[in-house]
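Let's take a walk through a protein fold together, one step at a time. Have a look at the sequence and the picture below before reading on.

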Amino acid sequence: MKSNFLYALTLFMTATFGMLHAQENVTTEFGIKGGLNMSNLYTDDADDENVLFGFNAGAYATLPVSDFVAIQPELLFTTRGSELEYNNVLAQGNVKLKLNYIELPLLVRVNITKNFNIHAGGYASYMVSAKSTGDGDFEFEDQYDTDDFNKFDAGLAGGIGVDFSPLSVGLRYNYGLTTIVKDGDDSSDLKNSNLSLYLSYKLN
């Protein structure tokens, strides 16, 4: 499924650049962006309600297809994971699972008005590090080998944005479609879920 998703993204991007090449007077926008992540993990049966706060940062390009529609590829460093809190007669504290990814979203952006847009598409990402930390009565930090996980993640993305050129602010939700743990593990159906609030700055 992951290979099919990446193949579809590649075809989509290739077709997009072909459409842009055929147009005249196309203005491409480049910028940087970053913001706050609120992520957790979910399974097919239930959601993990323990939100882990993190961040995202990177660069983007906006490639106009028409006056109202554009393709927006991005390259980001982004955090994922979950937090578990415990409080009982024996101990209290929290355990955090932190997953770091290099992510490539590919979105179709539709400008509803001059200053308001909606965007939707997909993303593919690659895990670069993973660790767990504990705070409270039990403090620890364990670094994991990423080979213990499915390094590639892919899913759907959608959100809204408000433009105050050169600044923009937006809200986006990523819904993971691939499991983060390799088959055979008791938690092999865990998938990523993330809500991000971001600020972007246009460079040109």
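Helices (H or I, at least four residues) and strands (E, at least two residues) are DSSP runs, numbered from the N terminus. Read along the sequence, this protein chain follows the pattern α-β-β-β-β-β-β-β-β-β, which comes to one helix and nine strands.

A word on where the picture comes from: this is a predicted model, in which local features need pLDDT of at least 70 and side-chain atom pairs count only at pLDDT 80 or more, while totals for chains, interfaces and linings use all residues. Residues are numbered from 1 along each chain as its sequence is written, and side-chain values use heavy atoms, with hydrogens and water left out. The pLDDT is the predictor's confidence in each residue, from 0 to 100. For the protein chain the mean pLDDT is 84, and 77% of the residues reach 70 or more. Over residues 16-25, however, pLDDT stays under 50.

Now let's follow the strands. Two strands pair if DSSP finds at least two bridges between them. A good place to start is β4 (92-111) and β5 (116-136). These two run antiparallel and are joined by 19 bridges, and a hairpin connects β4 to β5 through four residues. To find one of the bridges in the picture, look for V108, whose partner in β5 is A120.

Which other strands pair with β5? One is β7 (residues 152-164), which pairs with β5 in the antiparallel sense over eleven bridges; here F116 stands opposite V162 in β7. Another is β6 (residues 140-144), joined to β5 by five bridges and also antiparallel. In that pairing, A130 has Y144 of β6 as its bridge partner.

Next, look inside. A residue is called buried under 20% relative accessible area, exposed over 50%, and partly exposed in between (1.4 Å probe, protein chains only). Buried residues make up 41% of the 204 residues in the protein chain. In soluble globular proteins, nonpolar side chains tend to be buried together. A nonpolar core is a set of buried Ala, Val, Leu, Ile, Met, Phe, Trp, Tyr and Cys residues joined through side-chain atoms within 4.5 Å. In this model the largest such core has nine residues: L41, L99, Y101, M127, A130, F149, I180, V181 and L190. The elements giving two or more residues to this core are β4 and β5.

Contacts tell us who meets whom, a contact being heavy atoms within 4.5 Å. Among contacts in the chain with a separation of 6 or more, 63% are between residues 24 or more positions apart. Take Y101 of the core: leaving out residues up to four places away in sequence, Y101 touches L76, F77, T78, R80, S125, Y126, M127, V128, K151, D153, I180 and N192.

One of those partners, S125, lies in strand β5. Is S125 buried or exposed? S125 counts as buried because its relative accessibility is 3%. Beyond four places in sequence, S125 touches Y101, I102, E103, K151, F152 and D153. Compare Q92 in strand β4, which is partly exposed, with a relative accessible area of 44%. Q92 and D135 are 43 residues apart in sequence, while their C-alpha atoms are 8.8 Å apart in space.

The loops deserve a visit too. T146 lies in the loop between β6 and β7, and at 13% relative accessibility T146 counts as buried. Beyond four places in sequence, T146 touches M127, V128, S129, A130 and K151. From T146 to A130 is 16 residues in sequence and 6.3 Å in space, C-alpha to C-alpha. In the loop between β7 and β8 sits P166, and the peptide bond from S165 to P166 is cis, with omega near 10°.

Finally, is there any empty space? On a 1 Å grid over the protein atoms alone, a cavity is a set of points where a 1.4 Å probe fits but cannot get out, and lining residues have an atom within 4 Å of a point. Grid points are joined across faces, edges and corners, and a volume is the space filled by probe spheres set on the points. By this rule there is one cavity of 30 Å³ or more, with a volume of about 70 Å³. Its lining includes K33, N56, R80, E103 and Y198. Strands β1 (29-42), β3 (69-87), β8 (167-179) and β9 (191-202) each supply at least two lining residues.

Note on methods. On a 1 Å grid over the protein atoms alone, a cavity is a set of points where a 1.4 Å probe fits but cannot get out, and a pocket is an open set with protein on both sides within 12 Å along at least five of seven lines; lining residues have an atom within 4 Å of a point.
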